[in-house]
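Colleague: I am new to this structure. Could you walk me through how to read it?

Modeller: Gladly. Let us look together.

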Amino acid sequence: MRTIWLSLLLCATLAATSGQASAGESRARQILDRFEHANQWRDHVMVAAHRAGSMQAGKTLYAENSLAAVEGSIAMGAEIVEVDIRRSKDGEFVVMHDSWLDRTTTCQGEVVKYTLAELRACRLVVEGTRTVTNETVSTLREMLLATRDRILINLDNKLEVGDLPGMIAVARDLGIADQVIVKENLWNQNRIASVKAAMAAIDGVQFMPIIADDAVHDAGFAETVDHAFSPRAIELINWRAGAETLTETGGPLFSTRMRAAAVRGNWHIWADTYAIVNKPGGFLAGGRGDELAVQASLPREAWGFWADHGATIIQTDEPKAAIDWLSANGYRVPYAGTGERLEPAATASIN
């Protein structure tokens with residue numbers, strides 16, 4: 001009898017473990033489903049955490065582009081993390097925004113002048129407090145292993161378009177090429193042609209065009225881009241210059257025709273509310289950025305404005321605050337079986 005009970009207990013334990021794994025995979029599939037089927041999820045605003053979600057709360061929680069920041073973003077329910085990719089001296093893809101190490105690590109000098117082994121001696125720093133963490137510079141592979149089947153990852157390529165196939169090869173080797181989003185700026189037919197030629201070498205990846213209103217002034221170009229690439233999202237930028245007033249319409253790109261084009265093409269409108277150092281608040285969002293939402297306590301005038309103007313993905317430096325406000329105000333639909341938030345698989349310690 002004791003043997004039977006032990007067998008039943010073992011079966012139950014294995015079933016529970018299997019169920020937990022399936023739940024994790026299920027949510028990753030749900031995120032990808034919402035990304036790939038925009039028209040079915042126009043009532044849900046996805047949140048992309050800028051630089052892995054490290055910039056929030058005055059840059060005091062996590063080191064920039066760190067695995068700890070990714071874990072935090074997953075735990076709070078973000079759907080996408082954005083990270084920056086460069087190369088080491090010996091050709092390894094590494095996760096780093098700046099071309100220099102000084103701001104975000106304990107080392108100094110250019111990233112490209114350090115081998116991967118030398119980069120392993122650098123410790124990531126929490127910029128807002130200058131706290132030195134236990135975490136070192138991550139490789140692209142390590143970052144992809146952390147996000148695999150848990151959250152989508154947007155690679156901001158700090159290299160050349162020709163480097164993208166090598167990055168995607170890493171993702172393909174891990175079986176998650178479809179969970180990776182890559183992006184390039186487009187502004188005319190020649191640029192479309194050159195990027196299309198480069199993308200021909202990449203199969204199975206999510207490509208997101210970026211269109212800014214300094215060069216493009218109507219939705220017709222987005223329709224041309226849609227025909228060329230069939231993207232699942234297009235990133236739209238409403239530049240803000242200096243002290244001009246907040247945009248009232250979203251600029252020429254966030255128009256009724258653009259929203260109609262997005263519906264016809266079944267793609268998301270992606271808006272950026274994150275801050276850029278030494279630039280006016282809301283520099284990429286007509287003044288309606290994270291500063292307005294958090295520092296001025298006017299989230300409806302920032303995240304709410306862009307959601308009401310068609311954005312179904314918002315990239316932000318304040319993913320937790322954005323998710324909390326969007327959820328509380330009816331802009332998000334909980335994920336089946338998992339709720340709005342997830343617990344992190346592991347917690348990175350900070351000294």
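**Reading the model step by step**

Modeller: Start with the elements: twelve helices and eleven strands make up the secondary structure of the chain. Keep in mind that this is a predicted model.

Colleague: What percentage of the residues in the chain is buried?

Modeller: Of the 351 residues, 54% are buried. Buried here stands for a relative accessible area under 20%. The accessible surface of the chain is about 14900 Å². Carbon and sulfur atoms account for 55% of that surface.

Colleague: Of the contacts between residues at least 6 apart in sequence, how many join residues at least 24 apart?

Modeller: The share is 68%.

Colleague: Now the empty space. How do I find it?

Modeller: Rolling a probe the size of a water molecule over the atoms reveals where space is left empty. In this model, the largest pocket holds about 910 Å³. Its lining counts 43 residues, and His50, Arg51, Tyr274, Ala275 and Ile276 are the closest to its centre.

Colleague: Which element gives the largest share of that lining?

Modeller: Helix α10 does, with four residues. Strands β2, β6, β7, β8 and β9 are among the elements that each supply at least two residues, and so is helix α2.

Colleague: How many nonpolar, polar and charged residues are in the lining of the largest pocket?

Modeller: The lining has 19 charged residues, 17 nonpolar ones and seven polar ones.

Colleague: Charged residues bring me to salt bridges. What should I look for?

Modeller: Look for a side-chain nitrogen of Lys or Arg within 4 Å of a carboxyl oxygen of Asp or Glu. The whole structure has 19 such salt bridges. Take Arg103 and Glu64: their closest N and O atoms are 2.8 Å apart. Arg103 sits in the loop between β3 and α4, while Glu64 sits in the loop between α2 and α3. The two are 39 residues apart, so this pair links distant parts of the chain.

Colleague: Are Arg103 and Glu64 buried or partly exposed?

Modeller: Glu64 is buried, because its relative accessible area is 7%. Arg103 is partly exposed, because its relative accessibility is 23%.

Colleague: Which residues share a network of salt bridges with Arg103 and Glu64?

Modeller: Arg51, Lys59, Asp98 and Glu127 are linked with them in that network. Arg51 also appears among the residues closest to the centre of the largest pocket.

Colleague: Where else can I practise?

Modeller: Try Glu71 and Arg150, whose closest N and O atoms are 2.9 Å apart in a salt bridge. Glu71 belongs to helix α3, and Arg150 lies in the loop between α5 and β6, 79 residues apart. Both Glu71 and Arg150 are buried. Then compare Asp156 and Lys158, which form a salt bridge at 3.4 Å, N to O. Asp156 is buried, because its relative accessible area is 18%. Lys158 counts as partly exposed, because its relative accessibility is 28%.

Colleague: You mentioned helix α3. How many of its ten residues are buried?

Modeller: Nine are, so the helix is mostly covered. Among them are Val70, Glu71, Ile74 and Met76.

Colleague: What covers the buried residues of α3?

Modeller: The cover includes strands β1, β2 and β5, along with helices α2, α5 and α12.

Colleague: What should I check just after α3?

Modeller: Check the backbone at Gly77, which has a positive phi of about 105°.

Methods: Residues numbered from 1 in each chain as written. Predicted model: local features only at pLDDT ≥ 70, side-chain atom pairs only at ≥ 80, totals over all residues. Heavy atoms only, no water. 1 Å grid on protein atoms, 1.4 Å probe; cavity = no way out; pocket = protein on both sides within 12 Å on 5 of 7 lines; lining within 4 Å. Points joined across faces, edges and corners; volume = space filled by probe spheres on them. Nonpolar A, V, L, I, M, F, W, Y, C, P; charged D, E, K, R; others polar. Buried < 20%, exposed > 50% of the residue type's maximum accessible area, 1.4 Å probe, protein only. Contact = heavy atoms within 4.5 Å. Areas by Shrake-Rupley, 256 points an atom, 1.4 Å probe, with all protein chains shown as cover.
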